[in-house]
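Hi there,

Here is the structure I promised to pass on to you. Please have a look at it first, and then read on for what turned up.

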Amino acid sequence: MKKFDNFSEWFDDVLFDSGLMDNRYPIKGFSVYKPWGARVARKITEILEDQLEDSGHDPALFPVAISEDAFAKEAEHIEGFTAQVFWITHAGNRKLQKKMLLRPTSETAMYPMFAYWIRSHADLPVKLYQSGSVYRYETKATRPLLRMREFLWNEAHTAHGDWEAAEAQVKEAIRIYNTIFHRLGLSYYLLKRPDFDKFAGAVYSIAFDAWNPDGRVNQIGTVHNLGENFAEAFEITFEEVDGTHKNVAQTCYGFGISRTLAAVIAQHGDDHGLVLPPEIAPIQVVVVPIPYKGSESKVEAYAQEVYSKLKDAGFRVHLDEEEKTPGEKYYHWEMFGVPVRVEVGPKDLEERRVTISERVHRERSRVALGEAVPAISSLLEEVRENLEAGSRSTLESITADVDDIDSLRGAVADRKIARVCWCEEIGCAETIKDESGGEIRGHRIDVEEKPESPCIVCGAEAKRVVYVARAY
Ligand SMILES: [Zn+2]
């Protein structure tokens, strides 16, 4: 399949041909979402925000500009992000007295306000989220959706009375992200990052690494327990029931909307283009009339009837009445990834039937019009299941167990995700990177994996089974 042979070219073609993005914007690392891409991104955002609301999160909108003073407050955080910051230094022709930065993430925008808002235990927990763009000056080669200097995400920030409550929040965040990714049929590894690769300022970080056809994993979400690190820096304290004052315990988590869209395209797409999970498809069902000479108006009327019936049933449905051949319409909607197509021809009209097909295996069947609604409902669920099954089996097939450096080098070169045993020494992690080009991404937290062989580098006793891959 072309997407595995030349991912980069395939991906660019799908983005453009399926009307998702136009990457010709004249600033490197910035791109344009066309209507189809903007609609899909909005759907992803909506289902995530619904889940956040259902679990007690509130929306907020913080400014894109952050003061240098606030940014500089948490030492590890500034060290981790400073090389990627876009600075605002001028207004008109005047140099600003105090420069500002475009948010690379919003801890340092939000937490000075948390310090005002949180006074007592009764103010806790705080659970806020916002969806928007963040800005990071990527120095590596930029790639549309996968590695951008401006990208869409949703970030949530929480504050709690103690470490245990923050730990419970980390679990809730993981559950929410797992639920969304499952609904989108995505496959990934849920990994605790090694200490040297945790979020700047966090106690620990957990990440969702989705597979990509070129072997570079795509981090689609992260969840961090911040402990009291930021509370200390921003003086976010509260009065306990007994009158003592304590730091809050915090978590934050980021859901990559652009990167989730990239994972949907990369994992589910095929040689015919995009394949959208029904839940985020702007159009779930397209009705294509197939008129024959003499029966045009009757077929059109029947197609309209089919369309109304499906619309009333609550599907996002479109009736394609353009002046094109049915073949051109099939090609177009397959490219755009619409999950289900309904064909309506003279024979269908005669028998009061419709011909339905799904996008993944492109198999057709005929059902009575009266049965169309339940048939399409189950077909949409079948699409999601087929996507998830296909994605999961690919993840398994591209994961390789290796126990020596030569095989590791071979596996990474072969675009695999390697599973290796590691002693947890930083020197061995560096050797792994230098020798193979892959990075240690972390160990699984959803499944316990005990190392059964020594460290792949030094031969000492291994402490962890870790996943090694190149990454975006
Ligand atoms: Zn070692």
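A salt bridge here is a side-chain nitrogen of Lys or Arg within 4 Å of a carboxyl oxygen of Asp or Glu. By this rule the count comes to 33 salt bridges. Please keep in mind that this is a predicted model.

**Salt bridges**

Let me start with Asp-401, which pairs with Arg-419; their closest N and O atoms are 2.8 Å apart. This pair links distant parts of the chain, as Asp-401 belongs to strand S20 (residues 399-401) and Arg-419 to strand S21, 18 residues apart. Asp-401 counts as exposed, because its relative accessibility of 57% is over the 50% mark.

Another salt bridge joins the side chains of Arg-441 and Glu-439, at 3.2 Å from N to O. Here both Arg-441 and Glu-439 are buried. The two also belong to a wider arrangement: a network of salt bridges links Arg-193, Asp-197, Asp-209, Glu-439 and Arg-441.

Asp-446 and Arg-444 form a salt bridge through their side chains as well, again with an N to O value of 3.2 Å. Is Asp-446 buried, partly exposed or exposed? With a relative accessibility of 45%, Asp-446 is partly exposed, because the partly exposed class runs between 20% and 50%.

**The zinc site**

Which residues hold the zinc ion? Its donors are the SG atoms of Cys-423, Cys-428, Cys-455 and Cys-458, at 2.3 to 2.4 Å. The angles that these four donor atoms subtend around the zinc ion run from 106 to 115 degrees, so the arrangement is tetrahedral. For reference, the ideal angle for four tetrahedral donors is 109.5 degrees.

Along the sequence, the donor residues follow the spacing C-x4-C-x26-C-x2-C. Cys-423 sits in the loop between strand S21 (417-422) and helix H15 (426-436), while Cys-458 sits in the loop between strand S22 (439-444) and strand S23 (464-469), so this pair ties together parts that are 35 residues apart in sequence. As for their surroundings, Cys-423 is buried, with a relative accessible area of 4%, whereas Cys-458 is partly exposed at 44%.

The loop between S21 and H15 also holds Glu-424. This residue has a positive phi of about 80 degrees although it is not a glycine. Glu-424 is partly exposed, its relative accessible area being 39%.

**Backbone details to check**

Arg-362 is another residue that has a positive phi without being a glycine, at about 55 degrees. Its place is the loop between strand S18 (353-358) and strand S19 (364-368). Arg-362 is partly exposed, with a relative accessible area of 37%.

There is also a cis peptide bond, between Leu-124 and Pro-125, with omega at about -5 degrees. Pro-125 lies in the loop that runs between helix H6 (107-117) and S7.

Val-126 is in strand S7 itself (residues 126-135). Val-126 is buried, with a relative accessible area of 14%, because that value is under 20%. Which residues does Val-126 contact, leaving aside its neighbours within four places in sequence? They are Phe-114, Ile-118, His-157, Thr-158 and Ala-159. From Val-126 to Ala-159 the chain runs 33 residues, yet their C-alpha atoms are separated by 5.1 Å.

**Gly-256 and a surface patch**

Gly-256 lies in strand S14 (residues 249-256) and is buried, at 10% relative accessibility. If neighbours within four places in sequence are set aside, Gly-256 is in contact with Leu-152, Trp-153 and Ile-220. Gly-256 and Leu-146 are 110 residues apart in sequence, and their C-alpha atoms are 9.5 Å apart in space.

Finally, Tyr-25, Ile-27 and Val-32 form a nonpolar patch on the surface, with about 260 Å² of accessible area together. Of these, Val-32 is in strand S2 (residues 32-33) and counts as partly exposed at 33% relative accessibility.

Enjoy browsing!

Best wishes

Conventions:
Residues numbered from 1 in each chain as written. Predicted model: local features only at pLDDT ≥ 70, side-chain atom pairs only at ≥ 80, totals over all residues. Heavy atoms only, no water. Donors = N, O, S within 2.8 Å, 3.2 Å for Na, K, Ca; no water. Tetrahedral: all angles 85-135°; square planar, octahedral: opposite > 155°, others 65-115°. Helix = DSSP H or I, 4+ residues; strand = E, 2+ residues; numbered from the N terminus. Buried < 20%, exposed > 50% of the residue type's maximum accessible area, 1.4 Å probe, protein only. Patch = residues over 30% accessible without salt bridge, like charges linked within 9 Å, V, L, I, M, F, W, Y side chains within 5 Å. Areas by Shrake-Rupley, 256 points an atom, 1.4 Å probe, with all protein chains shown as cover. Contact = heavy atoms within 4.5 Å.
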